[in-house]
Amino acid sequence: MQKTPLELQIQTLPDNPGVYQYYDKDGKILYVGKAKNLKKRVSSYFNKIHDTAKTNVLVKKIATIKHIVVPTETDALLLENNLIKTLQPRYNVLLRDDKSYPWICIKKEPFSRIFSTRRMVKDGSEYFGPYTSFKTVHTILDLIKELYPLRTCNYDLSQSNINSGKFKVCLEFHIGNCKGPCEGLETLEDYQKQVDAIREILKGNFKESMKDFKRLMTQLAQDLRFEEAQKIKEKIEVLENYQSRSTIINPKITNIDVFSIISDESAAYVNFLQISHGSIIRSHTLEIKKKLDETDAELLELAIIELRERFQLLSKEIIVPFEVDLGENIKVTVPQLGDKKQILDLSIRNAKFYRIEQLKQLQIVDPDRHTKRIMAQMQKDLRLPVEPRHIECFDNSNIQGTNPVAACVVFKDGKPSKKDYRHFNVKTVEGPDDFASMTEIVYRRYKRLLEENEPLPQLIIIDGGKGQLSAALKSIDELGLRGKITIIGIAKRLEELFYPGDSVPLYLDKRSETLKIIQQLRNEAHRFGITFHRDKRSKAALNSSIESIPGIGEKTMLTLIQHFKSVKRLKLVSEKEISAVVGPSKAKKITTFYKNTTQE
């Protein structure tokens, strides 16, 4: 496979948050970094001389750039941390003390304690996070403490120990921070309700808890404890603005491989994420050229087998977007919601970005192939007999029936061909009749093309629904072009595509390239038509306000109107002032004309 030039790799990077990885010519990892904007950050390495010799040496060695797109900067920070630890790139400074991020733990025990920790112990306890800042962890724990009085002691609060009176309440009980479960003053059931509410807060579900927050804040305010109420308010704001947990890492998801697929007419792109101990440690996207009309399921199965073999993956569970058959030894999960669905969505996102980059590179390096791919996609999406290399789109413009005009814009090979655009003045229609106007202009356009032996389009798009389409179809039938040209209508509101004789509209994927080109055609026709209509309206308004003065042409009058702003002001100014603009001879004619009309 031909190596993509470095400049092209940089040019087609996305403007999203993510993690980038630099590799040398032998495929060895050099450096891992995070970025708020991948394209800007990576470009900055190559467009200047760096202060440190180490960075300059690094840049010279870079041969390949890989990246993983993530939803937020926080996710990028966490993912960078994981990849540095896993890959140990030569030019990265390893994090001191192998720094790990803090978690919040709900301990598995009677009357659960809730505390922060950097160590995860697999004893059935629940862990939430990781959090990128201990400040956030402290804020959440303080808020929980304000709302829900929980124990902080490490006693074994089994029912037998409580019943035997083994423990006595401590200072925390006396100052109101604990309700004394150690002496049986609070039931396990009541305590557990509080833990359940805290679990929802940690999951990011604040709806029910927010009522408690506001209740506490209101109560403090009513008790005139305004400083405490303000503190609660500040903590609520911090919590509201904080993204509760990362979509990148979840300790419950361990040693799982995630596969997703995005495909078009010519190729499929399979992204793979490897999850180990709750962290993403590898991302790779594979491009598969289609030979026949293979299904996504067939291609995904092939890719999974290839990638598992290539990376020697031994995980027993995989996450995929739909069911695939990989034998009995592998558990196949198709998540519908929750953490696994979020990771699958992330994989799909990376596959989409990879495809976009490849298409951008193709557009730059081989524009003909790019055009052919777009045309093939449009032919398939719109059910056309041939590729729509030549498309024409019509739009009517009239305001309250005045100055009816129409526009025809032409796209060739998916791009505007402005020299072929045409404006039409509607001649045979009186009043605001859009349907009759459409019939007239479509007839005039194609009668002329036939008479002049000009090439006809493969596709005609009418800006409007069924009515406009039927009106245009009358002219196509009259000219004997039915069956020779495909004609469709696009309705504005829901982007419905109507075909002759079919009452059910076609809906295209809102993100499809086919719909984007059709929308571009429609918008261009509208812009082109409106511009012509405005010019015509302005001219008509000017002509109606300018009286015909013998010996004075339209150009002279236009210059005067622009200078004096209105005909009314022109009538009031002196001959000397007019003379300064258009000369004494014309000034005399104009003042004489206005003097005579006033006297009459």
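Where is Arg 383 found? I looked it up and found Arg 383 in the loop between α13 (367-381) and β12 (390-399). I note at the outset that this is a predicted model.

**Entry 1: positive phi**

I went to Arg 383 for its backbone. Its phi is positive, about 55°, although Arg 383 is not a glycine. Most residues other than glycine have a negative phi. I then turned to Gln 88, another residue other than glycine with a positive phi, in this case near 45°. Gln 88 sits in the loop between α4 (73-87) and β4 (103-106), and its place is just after α4. Is Gln 88 buried or exposed? Its relative accessible area is 52%, so I log Gln 88 as exposed, the cut-off being over 50%.

**Entry 2: helix α4**

I checked the length of α4. Its 15 residues, at 1.5 Å a residue, should span 21 Å. The end C-alpha atoms are 21 Å apart, so the model agrees with the expected value. Next I listed what α4 buries. The buried residues include the leucines Leu 78, Leu 79 and Leu 83, along with Ala 76 and Ile 84. Asp 75, Glu 80, Asn 81 and Asn 82 are buried in α4 as well.

**Entry 3: helix α15**

I ran the length check on α15 (residues 466-478). For its 13 residues the expected span is 18 Å, and the end C-alpha atoms are 18 Å apart, which agrees. The buried residues of α15 are Gln 468, Leu 469, Ala 471, Ala 472, Leu 473, Ser 475 and Ile 476. After the helix comes Gly 480, with a positive phi near 70°.

I picked Leu 469, which is in α15, for a closer look. Its relative accessible area is 4%, so it counts as buried. Which residues does Leu 469 touch, not counting those up to four places away in sequence? I find Ile 462, Ile 487, Ile 488, Gly 489, Phe 498, Tyr 499 and Pro 500. I followed up Phe 498. Leu 469 and Phe 498 are 29 residues apart in sequence, yet their C-alpha atoms are 7.8 Å apart in space.

**Entry 4: Asp 463**

I moved to strand β16 (residues 459-463), where Asp 463 is found. Asp 463 has 4% relative accessibility, and because that is under 20% I record it as buried. Leaving aside neighbours within four places in sequence, Asp 463 is in contact with Lys 492 and Arg 522, and also with Phe 394, Asp 395, Gln 468 and Ile 490. Gln 468 is one of the buried residues of α15.

**Entry 5: cavities**

I searched for enclosed space. How many cavities of 30 Å³ or more are there? The count is three. The largest cavity has a volume of about 90 Å³. Its lining includes Arg 151, Lys 168 and Glu 172, with Tyr 155 and Phe 173 also present. Cys 153, Cys 170, Cys 178 and Cys 182 are in the lining too. By class, the lining divides into seven nonpolar, two polar and three charged residues.

**Entry 6: the cysteines**

Those cysteines sent me to look for disulfides. A search of the whole structure finds zero. Cys 153 is in none, and the nearest cysteine sulfur, that of Cys 182, is 6.0 Å away. Cys 170 is in none either; its nearest cysteine sulfur belongs to Cys 178, 6.2 Å away. A pair would need its sulfur atoms within 2.5 Å. I also checked the accessibility of Cys 170. Its relative accessible area is 37%, so I log Cys 170 as partly exposed.

Key:
Residues numbered from 1 in each chain as written. Predicted model: local features only at pLDDT ≥ 70, side-chain atom pairs only at ≥ 80, totals over all residues. Heavy atoms only, no water. 1 Å grid on protein atoms, 1.4 Å probe; cavity = no way out; pocket = protein on both sides within 12 Å on 5 of 7 lines; lining within 4 Å. Points joined across faces, edges and corners; volume = space filled by probe spheres on them. Nonpolar A, V, L, I, M, F, W, Y, C, P; charged D, E, K, R; others polar. Buried < 20%, exposed > 50% of the residue type's maximum accessible area, 1.4 Å probe, protein only. Helix = DSSP H or I, 4+ residues; strand = E, 2+ residues; numbered from the N terminus. Expected span 1.5 Å × (residues − 1). Contact = heavy atoms within 4.5 Å.
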